[in-house]
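Colleague: I should like to go through this model with you step by step. Please give the reason behind each term as we meet it.

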Amino acid sequence: MEAKSIITRPSGGQRLTAAGFHEISGIAWSGRGKVRRVDVSVDDRQELAGGELQEPVLTRALTRFRLP
């Protein structure tokens, strides 16, 4: 399986009710080794930001990420 990821918070369809600071988090995986980075876009790929990988980062395993 190729590298994939999913945002788990905020979840699909969830509306943010207040302006200000929000954290994006999710999981990523790769069937070919360790996840090395996750790029997150909040504006339809106009600008990408690097998500922070959370330990442990293991080979062919789910890896949590977050982006403040």
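Colleague: Which residue is the bridge partner of L53 in β5?

Modeller: The bridge partner of L53 in β5 is F65. Please keep in mind throughout that this is a predicted model.

Colleague: What makes β4 and β5 a pair of strands?

Modeller: Two strands pair if there are at least two bridges between them. β4 and strand β5, residues 63-67, have two bridges, and they run in the antiparallel sense. The requirement is therefore met, and the two count as paired.

Colleague: How do you know that β3 and β4 pair as well?

Modeller: The reasoning follows the rule of at least two bridges. Strand β3 covers residues 38-41 and strand β4 covers residues 48-53, and four bridges join them in the antiparallel sense. Within this pairing, D39 stands opposite G50 in β4. The hairpin of β3 and β4 has six residues between the strands, and D44 takes a positive phi near 55° there.

Colleague: Why is T63 called buried?

Modeller: Buried means under 20% relative accessible area. T63 has 0% relative accessibility, so T63 counts as buried. T63 lies in strand β5. Leaving aside neighbours within four places in sequence, the contacts of T63 are G26, I27, A28, V35, L53, Q54 and V57.

Colleague: Why does S25 count as buried?

Modeller: S25 has a relative accessibility of 11%, and the limit for buried is under 20%, so the term applies. S25 belongs to strand β2, residues 24-29. Residues up to four places away in sequence are not counted among its contacts, and on that basis S25 touches I7, T8, R9, F65 and R66.

Colleague: Why is Q54 called partly exposed?

Modeller: Partly exposed lies between the limits of 20% and 50%. Q54 has 32% relative accessibility and therefore counts as partly exposed. Q54 is placed in the loop between β4 and β5. Apart from neighbours within four places in sequence, Q54 is in contact with T63, R64, F65 and R66. The C-alpha atoms of Q54 and F65 are separated by 5.6 Å, although the two residues are 11 residues apart along the chain.

Colleague: What makes E23 and R9 a salt bridge?

Modeller: A salt bridge needs a side-chain nitrogen of Lys or Arg within 4 Å of a carboxyl oxygen of Asp or Glu. The closest N and O atoms of E23 and R9 are 3.1 Å apart, so the pair qualifies. The pair links distant parts of the chain, with E23 in the loop between β1 and β2 and R9 in strand β1, 14 residues apart. Both partners are partly exposed, because E23 has 21% relative accessibility and R9 has a relative accessible area of 43%.

Colleague: How do you know that R66 and E23 form a salt bridge?

Modeller: The closest N and O atoms of R66 and E23 are 2.5 Å apart, and the limit is within 4 Å, so this pair also qualifies. R66 lies in strand β5 and E23 in the loop between β1 and β2, so the pair ties together parts that are 43 residues apart in sequence. R66 has a relative accessible area of 25% and is therefore partly exposed.

Colleague: Why is R37 called exposed, whereas D39 is called partly exposed?

Modeller: Exposed means over 50% relative accessible area. R37 has 63% and is therefore exposed, whereas D39 has 37% and so counts as partly exposed. The side chains of these two residues, D39 and R37, meet in a salt bridge with an N to O distance of 3.1 Å. Elsewhere, salt bridges that share partners join R9, E23, E52 and R66 into one network. By this rule the count comes to four salt bridges.

Colleague: Which residues line the largest pocket?

Modeller: The lining consists of A3, K4, S5, A28, W29, S30, V35, R36, R37, V38 and D39. This pocket has a volume of about 190 Å³. β1, β2 and β3 each supply at least two residues of the lining.

Colleague: How many residues of each class does this lining have?

Modeller: The lining of the largest pocket has five nonpolar, two polar and four charged residues.

Definitions and conventions: Residues numbered from 1 in each chain as written. Predicted model: local features only at pLDDT ≥ 70, side-chain atom pairs only at ≥ 80, totals over all residues. Heavy atoms only, no water. Buried < 20%, exposed > 50% of the residue type's maximum accessible area, 1.4 Å probe, protein only. Contact = heavy atoms within 4.5 Å. 1 Å grid on protein atoms, 1.4 Å probe; cavity = no way out; pocket = protein on both sides within 12 Å on 5 of 7 lines; lining within 4 Å. Points joined across faces, edges and corners; volume = space filled by probe spheres on them. Nonpolar A, V, L, I, M, F, W, Y, C, P; charged D, E, K, R; others polar.
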